[in-house]
Protein chains: 2
Amino acid sequence: MLTPTQLCKCLGDDLRLSLVCLLHGQEEVCVCDLVDALEAPQSTVSRHLAQLRQCQLVVARRQGTWMHYRINPELPDWAQQTLASLVPPACQALSLTLPVSACCEN
Amino acid sequence: MLTPTQLCKCLGDDLRLSLVCLLHGQEEVCVCDLVDALEAPQSTVSRHLAQLRQCQLVVARRQGTWMHYRINPELPDWAQQTLASLVPPACQALSLTLPVSACCEN
DNA sequence: CTTTAATATCCGTATTTCCGAATATACGAA
DNA sequence: TTCGTATATTCGGAAATACGGATATTAAAG
């Protein structure tokens, strides 16, 4: 189960916080779009996504070869509220452009 | 200025999150009480407090040889809201007993 | 000035975290 | 099958972080 310390560890890294911000804005985003948006190596993005998955912060859905990620909709209330407080200022601080443009159909 | 990533880094450690929880409950707490409450070496507590101070998460007031810490009352709204969401579940997850009993007379 | 108490800082070591190229895996199409 | 695309995992090294005993600093008291 997700603890406050774990959540903060997850969010205490620019790249992971960026991922969470990008996902927070919309239903689902696929990995290739995240790689594009962050201009980071695919292995780096994938590794951080795995970490977020392990904490249950995000969930993944496979569709063919694509993986679609989204914020875990079953997050406890305190975690959802934390994200709600943190994401808007984080988007600004990290200069993220939302929403992510979709490169992969669907 | 405090960024969301920095705040999360600060809170992403059991001992620092415990400190923040203990402080969030009351006006001011002095270092000796924090050391008592956490049963951690004084140098460790002091080092983490320095880190929290550096991020402006807490402020200190000297009174004689004692130092009294409190949550920075001028924290931006998003940070205050984050603490409000995070502290209650953190207190529980970290099994913290509040309030801290005062060993040093004011 | 000396001593004592409270707190901060230093510093060497141990641990954790991060990185990204290389490689592996999963899947659809031919 | 075999190939190509999307994504995940591995792995060795670099960088950041945590630890706590020893020491320094600060201030009150004698």
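Let's start right at the place where the two chains meet. In this predicted model, two residue pairs are in polar contact across the interface of chain A and chain B, both at pLDDT 80 or more. How many salt bridges does the rule find across that interface? Zero.

So which parts of chain A do the touching? Have a look at three helices: α1 (4-11), α2 (14-24) and α5 (77-93) of chain A each bring at least two residues to the side that touches chain B. The largest share of that side comes from α5(A), with eight residues.

Now for the interface as a whole. Chain A gives 19 residues to the contact, and chain B gives 19 residues. Between them the two chains bury about 1,500 Å², with 72% of it on carbon and sulfur atoms.

Here is a part I really like. Of the interface residues of chain A, 100% are also interface residues in chain B, so the copies meet through the same surface. If you rotate chain A by 180°, with 0.0 Å of shift along the axis, it superposes on chain B with an RMSD of 0.0 Å. The two copies are therefore related as by a two-fold rotation axis.

Last stop, the inside. The largest nonpolar core has 73 residues, and the ones touching the most other members are Leu11(A), Leu57(A), Leu11(B) and Leu57(B). Let's follow Leu11(A). Setting aside neighbours within four places in sequence, Leu11(A) is in contact with Leu17(A), Val20(A), Leu57(A), Leu83(A) and Leu86(A) in chain A, and with Thr5(B) and Cys8(B) in chain B. Do find Leu11(A) in the structure and trace those contacts yourself!

Definitions and conventions. Residues are numbered from 1 along each chain as its sequence is written. Chains are lettered from A and ligands numbered from 1 in the order in which they are written. This is a predicted model: local features need pLDDT of at least 70, side-chain atom pairs count only at pLDDT 80 or more; totals for chains, interfaces and linings use all residues. Side-chain values use heavy atoms; hydrogens and water are left out. A nonpolar core is a set of buried Ala, Val, Leu, Ile, Met, Phe, Trp, Tyr and Cys residues joined through side-chain atoms within 4.5 Å. Buried means under 20% relative accessible area, exposed over 50%, partly exposed in between (1.4 Å probe, protein chains only). Contact means heavy atoms within 4.5 Å. Copies are superposed by least squares on the C-alpha atoms of residues with pLDDT of at least 70 in both. Buried area is the accessible area (1.4 Å probe) that two parts lose on being put together, summed over both. A salt bridge is a side-chain nitrogen of Lys or Arg within 4 Å of a carboxyl oxygen of Asp or Glu. A polar contact is a pair of N or O atoms within 3.5 Å; within protein, one must be able to donate a hydrogen and the other to accept it, and residues adjacent in sequence count only if both atoms are side-chain atoms. Helices (H or I, at least four residues) and strands (E, at least two) are DSSP runs, numbered from the N terminus.
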